[in-house]
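Please find below some short notes on this model, set out point by point. They cover the salt bridges and then one sheet.

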Amino acid sequence: MADALETVFDIAILGGGPAGYTAAIRAGQYGLKVALIEATDKLGGTCLHWGCIPTKALLFNAEVWEHVQHAAEFGIENLGTPTLNWQRVLDRKSGITLKHAKGLDFLMKKNKVTVVRGYGRLTGPAQEGVHALAVTAPDGAASVVCARNVFLATGSDAKLLPGLKPDDRILTNMEILTLPEPPKSLIVIGAGAVGVEFSSIFRSFGASVTLLEFLPRLVSNEDAEISKELARVFKKRGIDASTGARVESVQRTDSGVCVDFTDSNGRLQSVEAEKVLIAVGRAPRTADIGLDAVGLATDRGYLAVNEWMETAVPGIYALGDIVAGLPQLAHVGSMAGMVAAARVAGRPARPIRRNRIPACTYTEPQIGSAGMTEEAARAAGHEVKVGKFPFAGNSKATILGTHDGFVKIVADAKYGEILGVHILGPGATEIIAEAVAVMELEGTVDEMIFSIHAHPTLAEAMLDAYAAVEGMAINA
Ligand code: NAD
């Protein structure tokens, strides 16, 4: 620790989530002297401890559970009555996060990053180009970390509805991950990624799920046809989803919770369940990190940055969920960290391109999308051609026993450039990687129609969808 205090670092990073730790590793690889300041006792942030990783671990348990329920379909018999050992499910999830948290500690050592445990705040304007951060350690000890550049990567917290506090029944993404047993009934408020993922997971574990969304469709950031197909499949799976629903009140009852809402026809409705999950978005954590001291203003807590992630104050960068105008996704935060690290190191870098960001939602079935929705492409003035291929025509999907969903390609009508790819179905979160690569290289429909996709794969649905733009899918 003493070394940390005597050194003027090249970069001090505030926050050890994906944005912060990726920036630290990359800066270390460039040979820069880096301090990573983290308030909690583990690196990894929301993603590793309360988000991406534990939820996807649970999702995998849910998938295995569903397979076991349908084992007879696959010729596996005499399993008896399968039971769910919830503690084992939770232990497996915790084991996964712990393994990766330890992995991060190793990567910090490997890349000679000095990890400083404590809560950090900017103290004032830079003195001769050196910024100072006051750090309060968990035991109350105070220290100062000095650096020529500061990366702010403090992340976000789940928003609640006015007047609510999380407890054992009113849950955010955090409380829902440590429930002593899976709820028999669950109300989910908000049908963004958090809301639809937990709806899907707990429906698989047998809960009756009511999903309430204020906007007219589920996953409203996605292409409208994806929302429609998800609503259809959720209905088939027995998830009771209402859109255009305005939540009026959330109350604790003797045995659970009661939510009153006005439905899309203006009728007041009431639903009861054991638990309610509030999934109405996340707010940036920037209130208490000394922004005033350096003269940095925010827009509702978000920091504006230039294409290199630098804020209005030279040498202070912002990464991850606190950045204005970028989606709050781990992979966006980590790429922002790599961009900023390269910039400070004077190495070649390329700004993040908004239209090249994959969005992956881990529901059953999955959603993977990148680029413009059909609606956005038309609104941007493109003459658009669309190709759609249903997984019903894909042989690997048949082998997996799942046929819902499709691949939709949005292409420029004149030159055939691929502007957007929208997938709902098996493997969607994996296959979308191809779409990002193709769009990065400004690929066209003509080129992709002649790109060989292995058979039988889910990725082959992409080949058929490119061909569908010209009305020439082979398998439909
Ligand atoms: P979100 O902003 O994506 O969705 C919140 C939803 O809640 C919106 O559809 C909104 O219309 C609705 N809503 C807001 N107030 C409401 C109300 N009073 N009643 C009913 N509906 C209401 O937020 P989120 O789902 O909480 O996720 C937070 C962030 O984390 C997002 O940026 C999300 O993309 C990200 N995230 C990503 C993943 C993933 O990539 N798989 C998973 C989880 C979270």
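1. The model is predicted. It contains 22 salt bridges, and a few of them are taken up here.

2. Arginine 237 pairs with glutamate 66 in a salt bridge whose closest N and O atoms are 3.6 Å apart. Arginine 237 sits in the loop between helix 7 (224-236) and strand 11 (240-242), while glutamate 66 belongs to helix 4 (residues 52-69), so the contact ties together parts 171 residues apart in sequence. Arginine 237 is buried at a relative accessible area of 16%; glutamate 66, at 24%, is partly exposed.

3. Glutamate 225 forms a salt bridge with lysine 388 (2.5 Å, N to O). Because lysine 388 lies in strand 20 and glutamate 225 in helix 7, this pair ties together parts 163 residues apart in sequence. Both residues are partly exposed, lysine 388 with 37% relative accessibility and glutamate 225 with 28%.

4. Glutamate 225 also forms a salt bridge with lysine 408, with 2.6 Å between the closest N and O atoms. Here helix 7 is linked to strand 21, across 183 residues. Lysine 408 is buried, at 1% relative accessibility. Through shared partners, Asp223, Glu225, Glu374, Arg378, Lys388 and Lys408 form one network of salt bridges.

5. Strands 20 and 21 belong to an open, antiparallel sheet of five strands in the order 18-19-22-21-20. Its edges are strand 18 (359-361) and strand 20 (384-390), and the twist averages 10 degrees from one strand to the next.

6. Helix 14 (residues 460-469) packs on this sheet, touching strands 20, 21 (406-412) and 22 (418-424). The direction of helix 14 makes about 140 degrees with that of strand 20.

Note on methods:
Residues are numbered from 1 along each chain as its sequence is written. This is a predicted model: local features need pLDDT of at least 70, side-chain atom pairs count only at pLDDT 80 or more; totals for chains, interfaces and linings use all residues. Side-chain values use heavy atoms; hydrogens and water are left out. Two strands pair if DSSP finds at least two bridges between them. Helices (H or I, at least four residues) and strands (E, at least two) are DSSP runs, numbered from the N terminus. Axes are lines fitted to C-alpha atoms, for helices over the stretch in contact, and angles run from 0 to 180 degrees between N-to-C directions. Contact means heavy atoms within 4.5 Å. A salt bridge is a side-chain nitrogen of Lys or Arg within 4 Å of a carboxyl oxygen of Asp or Glu. Buried means under 20% relative accessible area, exposed over 50%, partly exposed in between (1.4 Å probe, protein chains only).
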